[in-house]
Amino acid sequence: MKWFPWQREWFDCREKVQCLTAANQIGKSSTMIRKIIEWATNESLWPELWPEMCGKQKRKPSTFWYLYPTREIAISEFADKWRPLLPPENDPEFGWEYSKRDKLPPTLTFIHKGVTIYFKTYAQGAELLQAGSCFLVVCDEEIEEDLVPELQSRVAATDGYMVFGFTATQGQLFWKKIVEDRTVWLNAWVRQISLFDCMKYTDEIGRAH
């Protein structure tokens, strides 16, 4: 798959907080999915991403969260967007298991890597997002401001990462301060992407006309 320049930059980004707003259907979800799969399976990255936990303490990342608005969206997105990007299910190194538990969000476990991605939902509310420590939390679509502190707590113990990618539709002042005003989360990696940023792929830039 080719990359738009902003996708490549985002995929390679190592900032602790990453926030991208973009138009619909231009590849923000697929970029986040590719990123979380890469971080879950590429063991050579782990000491760099989590130097204290995976470097000094010799631990391995175990728990990632990927949040969708609802369980139904998580299930349909896995079928439509995740499966085409995943390695073969029975791969001897990158093999995985998908569990669609009754009435609960599904899970994706990379068997030989020891990493499980839990598909959480915004509809669960803060009280059901309180358990566990995560190495990486990814939020697909706009999340309510009052859930953010709970997610920050989940990555505190691991010095983990939070990644947000959404189309801004709710007019929340919190996200406006981050994305447009740049008065909150000043150290975060923040980008606003339009269709004009999707006119050329990385291999087309600089090519002679």
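How many nonpolar, polar and charged residues does the lining of the second largest pocket have? In this predicted model, that lining has 4 nonpolar, 6 polar and 3 charged residues. The volume of the second largest pocket is about 160 Å³. Its lining comprises 13 residues, and A168, W175, K176, V179 and E180 are the closest to the centre of the pocket. Helix α7, spanning residues 173–181, supplies the largest share of this lining, namely 4 residues.

The largest pocket encloses about 300 Å³ of space. Two elements, α2 (28–41) and α5 (71–82), each give two or more residues to its lining. The lining is made up of 20 residues, with G27, K28, S29, S30 and K81 lying nearest the centre of the pocket. Helix α2 gives the most to this lining, with 4 residues. Divided by class, the lining of the largest pocket consists of 7 nonpolar, 6 polar and 7 charged residues.

Strand β2, formed by residues 63–68, is largely enclosed by the rest of the structure, because 6 of its 6 residues are buried. In a regular strand, side chains alternate between the two faces of the sheet. In β2, T63, W65 and L67 point one way, whereas F64, Y66 and Y68 point the other way, and all are buried. Two pairings of this strand were examined. With β5, strand β2 pairs in the parallel sense over 6 bridges, and Y68 stands opposite T121 of β5. With β6 (residues 136–140), strand β2 also runs parallel, the two being joined by 4 bridges. Here W65 of β2 stands opposite V137 of β6.

A further site concerns the lysine K113, located in the loop between β4 (107–110) and β5 (115–121). Is this loop residue buried or exposed? K113 counts as buried because its relative accessibility is 7%, against a cut-off of under 20% for burial. The side chain of K113 forms a polar contact of 2.9 Å with the side chain of E43. When residues up to four places away in sequence are not counted, K113 touches A40, T41, E43, W46, E93 and F94. E43 thus appears both among the residues that K113 touches and as the side-chain partner of K113 in the polar contact.

Conventions. Residues numbered from 1 in each chain as written. Predicted model: local features only at pLDDT ≥ 70, side-chain atom pairs only at ≥ 80, totals over all residues. Heavy atoms only, no water. Buried < 20%, exposed > 50% of the residue type's maximum accessible area, 1.4 Å probe, protein only. Polar contact = N/O pair within 3.5 Å; in protein donor to acceptor, adjacent residues only side chain to side chain. Contact = heavy atoms within 4.5 Å. 1 Å grid on protein atoms, 1.4 Å probe; cavity = no way out; pocket = protein on both sides within 12 Å on 5 of 7 lines; lining within 4 Å. Points joined across faces, edges and corners; volume = space filled by probe spheres on them. Nonpolar A, V, L, I, M, F, W, Y, C, P; charged D, E, K, R; others polar. Pairing = 2+ DSSP bridges.
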